[in-house]
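Hi everyone, thanks for coming along. I'd like to walk you through a structure today, starting with the whole chain and then stopping at a few residues.

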Amino acid sequence: MVIGTDRLFLRGWREDDVPPFHAMGQDAEVMRYLGPPTTPAGARAMWREQNDTATRFGRCLWAVERRVDGAFIGFCGVEPGPSDSPIAGLPEIGWRLARHAWGHGYAAEAARAVLAAEWLRGTTIVVAATVPANQRSRALMERLGMVRDVAGDFGHPDVPPNSPLRVQALYRIARPA
């Protein structure tokens with residue numbers, strides 16, 4: 001599956017996405033609200049996991065490719081919310097872009113395309129979560145029309161209890177009428 005926008009392709013992951021994904025995961029500012037730097041093994045695991053998710057779930061955190069030059073600039077898509085969390089199995093939208101791609105509107109363009117694809121699938125609600133301090137992601141969620149569900153904030157099951165990244169601010173958006 002490929003989702004196209006004016007400037008981007010959202011597509012399944014290729015093995016040649018692994019090196020730029022790994023490089024992106026070495027940028028402390030990119031990883032500020034996400035956790036430790038991505039290891040080479042972690043980058044390869046992401047490639048495999050997302051293609052497996054696409055096979056099982058019908059979509060994933062798609063690789064984002066810039067049309068003009070074919071460059072991998074990050075990911076954006078939907079995957080099931082983490083097990084052992086209040087959003088387990090719900091379609092959770094997420095994105096991460098290399099810092100050189102920030103400030104160009106790519107994340108919003110990709111996220112809008114992902115949401116449009118979800119509504120065409122018949123999805124009725126999409127969730128998103130981030131640490132409360134991640135103002136950039138939260139602002140994008142709000143620009144997309146997502147609404148904060150303060151009562152739904154939760155501790156991410158994959159983050160250690162003492163980590164400042166554990167608490168997740170929950171956002172939701174319902175399919176337009």
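I'll begin with the overall picture, then turn to the cysteines, and then visit some single residues.

One thing to keep in mind is that this is a predicted model. So everything you hear from me is computed from that model.

Let's start with the fold. How many helices and strands does the protein have? The secondary structure comes to 4 helices and 9 strands. If you read along from the N terminus, the order of the elements is β-β-α-α-β-β-β-α-β-α-β-β-β. The radius of gyration is 15 Å, close to the 16 Å that the globule rule gives for 177 residues, so the protein is as compact as a globular protein of that length. Along the principal axes, the C-alpha trace spans about 45 × 40 × 30 Å.

Now for the inside and the outside. Of the 177 residues, 49% count as buried. The accessible surface comes to about 8700 Å², and 55% of that belongs to carbon and sulfur atoms. Looking at contacts with a separation of 6 or more, 60% of them are accounted for by residues 24 or more positions apart. On the charge side, there are 21 positive and 19 negative side chains, and the centres of those two sets lie 3 Å apart.

On to the cysteines, since somebody always asks. How many disulfides are there? The count comes to 0. Cys60 is in no disulfide, and the nearest cysteine sulfur, that of Cys76, is 10 Å away. Why is there no bond from Cys76 to Cys60? The sulfur of Cys60 is the closest cysteine sulfur to that of Cys76, but at 10 Å it is too far for a bond. As for their surroundings, Cys60 counts as buried at 0% relative accessibility, and Cys76 is buried too, with a relative accessible area of 1%.

Let's move to single residues, and first to a backbone oddity. Asp84 is not a glycine, yet it has a positive phi of about 60 degrees. Where does Asp84 sit? You'll find Asp84 in the loop between β4, residues 72-80, and β5, residues 91-97. Is Asp84 buried or exposed? With 72% relative accessibility, Asp84 counts as exposed.

Next up is Arg7, in the loop between β1 (3-4) and β2 (8-11). Arg7 is partly exposed, with a relative accessible area of 32%. Which residues does Arg7 touch, once we set aside those up to four places away in sequence? They are Glu65, Arg66, Arg67, His104, Gly105, Tyr106 and Glu109. Take Glu109 from that list: Arg7 and Glu109 are 102 residues apart in sequence, and their C-alpha atoms are 8.3 Å apart in space.

Another loop residue worth a stop is Tyr33, between α1 and α2 (40-57). Tyr33 is partly exposed, at a relative accessible area of 22%. Beyond its neighbours within four places in sequence, Tyr33 is in contact with Val131, Ala133, Asn134 and Leu165. Tyr33 and Asn134 are 101 residues apart in sequence, with a C-alpha to C-alpha distance of 6.4 Å.

Now into the helices. Phe21 lies in helix α1, residues 18-24, and counts as buried at 3% relative accessibility. Not counting residues up to four places away, Phe21 touches Trp13, Thr38, Ala43, Met46, Phe72, Phe75 and Arg96. As for Trp47, Phe21 is 26 residues from it in sequence and 9.1 Å from it in space, C-alpha to C-alpha.

Last stop, helix α4. Ser137 is found in this helix, which covers residues 135-143, and Arg138 lies in α4 as well. Are these residues buried or exposed? Ser137 counts as buried at 12% relative accessibility, and Arg138 counts as buried at 15%. Leaving out residues up to four places away, Ser137 touches Trp95 and Thr130. With neighbours within four places again set aside, Arg138 is in contact with Thr130, Val131, Pro132, Arg148 and Tyr171. By contrast, Arg138 and Leu10 are 22 Å apart in space, C-alpha to C-alpha, and 128 residues apart in sequence.

That's my tour, and I'm happy to go back to any of these stops.

Methods:
Residues are numbered from 1 along each chain as its sequence is written. This is a predicted model: local features need pLDDT of at least 70, side-chain atom pairs count only at pLDDT 80 or more; totals for chains, interfaces and linings use all residues. Side-chain values use heavy atoms; hydrogens and water are left out. Helices (H or I, at least four residues) and strands (E, at least two) are DSSP runs, numbered from the N terminus. The radius of gyration is taken over C-alpha atoms; the globule rule is 2.2 Å times the number of residues to the power 0.38. Buried means under 20% relative accessible area, exposed over 50%, partly exposed in between (1.4 Å probe, protein chains only). Contact means heavy atoms within 4.5 Å. Accessible areas come from the Shrake-Rupley method with a 1.4 Å probe; for residues, only the protein chains shown count as cover. Lys and Arg count as positive and Asp and Glu as negative; His and the chain ends are not counted. The place of a charge is taken as NZ of Lys, CZ of Arg, CG of Asp or CD of Glu. A disulfide is a pair of cysteine sulfur atoms within 2.5 Å.
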